[in-house]
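Hello,

I am handing over the structure we talked about. Please have a look, then read my notes on its salt bridges below.

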Amino acid sequence: MRKLCILACLAALPAAAQSAVTREDDYWVRTLTGVEALPPEARLQVVSEGAVVVTGADEARLRWQLKARTRAEGEAEARRRLESVSVKFSKTAGKHLLAVHRGGAADAGLKLVVPRSLPALAVITREGSVNASGLASDSITLASGAGAIHAGRLEGNLVARTAGGAIDLGEIRGSARCSTAGGNITARHIGGNAVLETGGGDVDVNEIGGDARAESGGGRVRIGRAGAQLVVSTGGGRIEIGEARGMLVLRSAAGAVHVGAAPHGVRCETAGGPIHLSKVAGSLRASTTIGNIVAQLLANRPLEDSFLSTARGDITVLIPSNLSVKIHAANELSGGSRRIVSDFAEITTQVRGAQVVAEGVLNGGGPLLRIIGTGGTIFIKRQ
């Protein structure tokens with residue numbers, strides 16, 4: 001009798017070890033779960049083959065759930081495919097690895113709950129999206145071979161990269177380095193420095209606290225507020241900067257440029273679009289091949305030697321009445337001496353060869369503002 005009981009128990013073990021295979025709509029589903037202890041100094045890497053959702057929590061363990069799905073003619077075939085799905089946890093020399101093998105499943109979605117303050121966390125998936133929130137790790141890496149990346153409520157430094165999806169960030173208190181081959185990059189707040197690169201999508205960020213660089217192969221770039229130096233380049237999109245608290249360096253191959261406030265200087269070049277600079281000071285360098293330029297100089301802020309130029313378009317400069325500056329403006333003579341129009345009696349106009357030139361000293365003089373046009377009218381206005 002005892003022998004029969006032992007045999008019965010052994011026969012039951014494989015069935016108990018197997019996860020149930022259930023039916024959900026057109027898919028057969030197998031769900032695996034696990035819990036692993038993680039010491040406070042653990043550096044965790046997760047390697048998967050599907051969508052991953054990771055959430056930080058105040059606990060010293062890793063909890064995971066893997067949901068694998070497949071289509072099959074019947075349960076027996078589905079079970080054969082889903083039994084090849086595996087999750088392996090290993091640790092060596094302080095590095096902990098959770099590896100997912102999808103096997104014969106059509107897709108495998110992984111959900112993780114991890115200690116929020118791990119020193120380092122890396123989540124890498126071959127395909128599918130990555131979603132991370134509630135983490136305070138010093139180093140956070142999120143990578144996907146072909147999916148979107150979403151992250152928010154992160155207190156550490158973030159590296160996010162994807163070969164083809166969008167990157168969407170909420171609140172990032174540390175720095176962020178993001179790259180995508182062709183998707184959009186959006187963010188609500190990045191507290192530290194930022195590097196944002198996309199092969200062809202848009203970049204749209206509300207606020208960056210530190211130095212930043214944003215590049216797009218051909219999309220629009222909008223930065224609401226930059227807390228330090230900002231460098232932006234795009235192969236063909238519009239550039240919009242709300243406010244910059246450091247030097248601005250802006251380049252567009254064929255788009256308009258609009259700056260709301262830049263009291264620390266602007267370097268701006270576009271091959272084919274208008275330039276509009278509001279509340280600017282410091283050193284100004286703005287040039288466009290085709291397009292109008294409007295520059296509103298900021299009162300009570302020092303201006304440095306500056307230069308504005310367009311090959312085809314009007315240039316309008318708005319100068320505070322108390323600003324000390326020296327003006328030199330030159331335009332082609334075609335159309336008469338009215339190609340330069342000034343509100344200041346101190347600025348005199350004369351014809352020199354094939355150009356009409358206007359020069360003058362305002363409020364005792366100061367830095368030199370050079371204005372060069374060849375295809376429109378130069379307006380020097382008092383504000």
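Glu 75 and Arg 79 sit together in helix H2, which covers residues 75-82. They are four residues apart, about one turn of the helix. Their side chains form a salt bridge, 3.3 Å from N to O. Keep in mind that this is a predicted model. Glu 75 has 38% relative accessibility, so it counts as partly exposed. Arg 79 is also partly exposed, at 23%.

Next comes a pair from two separate parts of the sequence. Glu 240 and Arg 220 meet through their side chains in a salt bridge of 3.2 Å, N to O. Glu 240 belongs to strand S22 (residues 239-244). Arg 220 is in the loop between strand S19 (212-216) and strand S20 (221-226). The pair therefore ties together parts that are 20 residues apart in sequence. Glu 240 has a relative accessible area of 22%, which makes it partly exposed. Arg 220, at 26% relative accessibility, is partly exposed too.

Which residues share a network of salt bridges with Glu 240 and Arg 220? They are Asp 204, Arg 222 and Arg 238.

One further pair is Glu 359 and Arg 352. Their closest N and O atoms are 2.9 Å apart, in a salt bridge. Glu 359 is partly exposed at 30% relative accessibility. Arg 352 is partly exposed as well, with a relative accessible area of 37%.

For the overall count, a search of the whole structure gives 20 salt bridges. The pairs above are among them.

Best wishes

Note on methods. Residues numbered from 1 in each chain as written. Predicted model: local features only at pLDDT ≥ 70, side-chain atom pairs only at ≥ 80, totals over all residues. Heavy atoms only, no water. Salt bridge = Lys/Arg side-chain N within 4 Å of Asp/Glu carboxyl O. Buried < 20%, exposed > 50% of the residue type's maximum accessible area, 1.4 Å probe, protein only.
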